[in-house]
Amino acid sequence: ASGALPKRVKVVEVGPRDGLQNEKSVVPTPVKISLINMLAETGLQVIEATSFVSPKWVPQMADHTQVMQGITQLPGVSYPVLTPNLKGFQAAVAAGAKEVSIFGAASELFTKKNINCSIDESLERFSEVMAAARAADVPVRGYVSCVLGCPYEGKISAAKVTEVSKKMYSMGCYEISLGDTIGIGTPGSMKEMLTAVMKEVPVGALAVHCHDTYGQALANILVALQMGVSVVDASVAGLGGCPYAQGASGNVATEDLVYMLHGLGIHTGVDLQKLMDAGTFICNALNRRTNSKVSQASCRL
Amino acid sequence: MGTVPSALKHCLSYQHLLKEQLWIGEPAPPPPVAPHPGQESQASGLPAYIKIVEVGPRDGLQNEKVIVPTDVKIELINRLSKTGLPAIEVTSFVSSKWVPQMADHKEVMRGIERHPGVQYPVLTPNLQGFHAAIAAGATEVSVFGAASETFSKMNINCSIEESIEKFEDVAKSARNMNIPVRGYVSCALGCPYEGNIIPAKVAEVSKRLYSIGCYEISLGDTIGVGTPGSMKRMLEAVMKEIPVRALAVHCHDTYGQALANILTAIQVTQAVI
């Protein structure tokens, strides 16, 4: 059954990190900086800027220090960065980061394949980051991957998602972003998962990160909103394909999300036209078409 | 999300995994005997069964740049018939001057395999088209109204009321021959000319079509501008005039909103898609 929708939704823009990390072309540093600055001008309150991971693993984010130092950090806008371990955290803070993110998963196999350890071991590594972040007064956002399915394990139980989310929340993450990493979820599985998680983590601390790989993202997001979630991750122009399914789309496009939210009378603070302009800019730089339907519909070419 | 070493990406056999995961791509459970679209037998409050009306061969092909040969259309429809779809909109008995993509309507109608239990409606904008459709073997027809006067004028060069008068002729003949008629209302959530369309207007036109004998009214978001809120408001207005079991939604994905709008429609009323 549908509950009342939130009056305001915080849109977390992950294009510059999650998006660009999963694009084939590597984008030069000045283009990344321009993109982030343009996105900040749209009214977005949170823009995930980069990832302090070894360039051996993620070459697209090799210029993390330069990007972090190069962007104009607008007041009232947060620029979280990924920090998988203490070393990354320290580098991030040194480069000017004021918020960080850590990535857990609801699947043991995914964690093993991704970062070569178990879920518990990954959380232990993160506890070092948490301690350092607390000491430095840096907020930490937690991500849980594979909440509606795993490319290796298949079905993921809502109980497992709840367990991992609860652990990360009690470790000190101010927000837990629940990621449908392979976009396989549908409104029913989203509802079931959230019902379980909301028993252990307050809904005000939850966000959803839906992939549009099977076209289900907005429907899944709508269900999350109906259940009280008011933070939604999205990627400008729908940047970022799916590393697990060749040719498939990935992140939901921020433009399409904002169109839906504004149509529902929900306040986001985002200027859709400026957002589309930022999308056009990065698509030109990447020499690719936008994945945003709203942008496609608004294109005059 | 996360960091996937590039070497690993190439080792993943995703399609292989999909096949192994029975939970992905599971066919929907067969509908209960004599499915009733209004049946709500799930704890989720969602209907147990949704009738999907496949409009690709008509609405789809009519709006593609490339004109597809008759035998390809027939092959498409035959393949769709085998999927279990209960209704497939086949073609349009409109003058080929207006819609060249559907010029082969007779050949398509005569050429397709008719699977038992599958409906094959065709568009018939007027009595002439209706008779041609029946002669070619059609056993169900559709008529197209609009909730926007300007759209009606630009599309079929007459007012909404004038168009419904024509449809009434079709509906009368259809009733005499026991042929069901499906009614469409275009621009239900917005018009490319008029912009905003008020729910009351959609309800008014729907009611008119229902009263002339359409067994089902398909409410079309013609330019895909609707969002869950406007869908809900429109349906609430229409549901005051038309029984829920006689409603369907026809959502365009122009702005990526279709599935969210459809979900809302399902939540608000057990609708036929």
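**Entry 1: what sits over H11 of chain B**

I started with what covers the buried residues of H11(B), and the list includes helix H8 (187–197), helix H9 (217–226) and H10 of chain A. From chain B, the cover includes strand E6 (216–221), helix H10 (228–239) and strand E7 (247–251). Helices here are DSSP runs of H or I with at least four residues, strands are E runs of at least two, and both are numbered from the N terminus. Buried means under 20% relative accessible area, exposed means over 50%, and partly exposed is in between (1.4 Å probe, protein chains only).

I note for the record that this is a predicted model, where local features need pLDDT of at least 70, side-chain atom pairs count only at pLDDT 80 or more, and totals for chains, interfaces and linings use all residues. Residues are numbered from 1 along each chain as its sequence is written, chains are lettered from A and ligands numbered from 1 in the order in which they are written, and side-chain values use heavy atoms, with hydrogens and water left out.

Back to the helix: H11 of chain B spans residues 258–268, and 8 of its 11 residues are buried. Among them I find B:Asn261 and B:Thr264, along with B:Ile262, B:Leu263 and B:Ile266.

**Entry 2: chain B overall**

I looked up the totals next. Chain B has 11 helices and 7 strands, and 51% of its 273 residues are buried. For contacts (heavy atoms within 4.5 Å), I took those in chain B with a separation of 6 or more, and 75% of them join residues 24 or more positions apart.

I also checked B:Cys187, which is not a glycine but has a positive phi of about 60 degrees. B:Cys187 sits in the loop between strand E5 (181–186) and helix H9 (199–211) of chain B. Its relative accessible area is 0%, so B:Cys187 is buried.

**Entry 3: the two domains of chain B**

The assignment splits chain B into domain 1 (48–136) and domain 2 (140–158 + 177–272); such bounds come from an automatic or database domain assignment. Taken over C-alpha atoms, the centres of domain 1 and domain 2 of chain B are 21 Å apart. Domain 1 of chain B puts 15 residues into the contact and domain 2 of chain B puts in 17.

How much area do domain 1 and domain 2 of chain B bury between them? I get about 1,300 Å², with 61% of it on carbon and sulfur atoms. Buried area is the accessible area (1.4 Å probe) that two parts lose on being put together, summed over both. On the domain 1 side, B:Ile50, B:Lys51 and B:Ile134 lose the most area to domain 2 of chain B, together 30% of what that side buries.

I count 1 salt bridge between the two domains of chain B; the term means a side-chain nitrogen of Lys or Arg within 4 Å of a carboxyl oxygen of Asp or Glu. The side chains of B:Glu216 and B:Lys51 meet in a salt bridge at 3.3 Å, N to O.

**Entry 4: salt bridges elsewhere**

Over all chains the structure holds 20 salt bridges. I followed A:Glu175, which pairs with A:Lys10 at 3.2 Å, N to O. A:Glu175 is in strand E7 (residues 175–180) of chain A and A:Lys10 is in strand E1 (residues 10–13), so this pair ties together parts 165 residues apart in sequence.

A:Glu175 also forms a salt bridge with A:Arg141, with the closest N and O atoms 2.8 Å apart. A:Arg141 belongs to strand E6 (residues 140–145) of chain A, so that pair ties together parts 34 residues apart in sequence. Both A:Glu175 and A:Arg141 are buried. A network of salt bridges links A:Lys10, A:Arg141, A:Glu175 and A:Asp233.

In chain B, I pulled up B:Asp104 with B:Lys73, a salt bridge whose closest N and O atoms are 2.8 Å apart. B:Asp104 is in the loop between strand E2 (87–88) and helix H5 (105–111) of chain B, while B:Lys73 is in helix H4 (residues 70–81), 31 residues away. B:Asp104 and B:Lys73 are both buried.

**Entry 5: A:His267**

A:His267 lies in the loop between helix H10 (254–263) and helix H11 (272–286) of chain A. Is A:His267 buried, exposed or partly exposed? It counts as partly exposed, because its relative accessibility is 40%. Not counting residues up to four places away in sequence, A:His267 touches A:Lys7, A:Arg8 and A:Val9.
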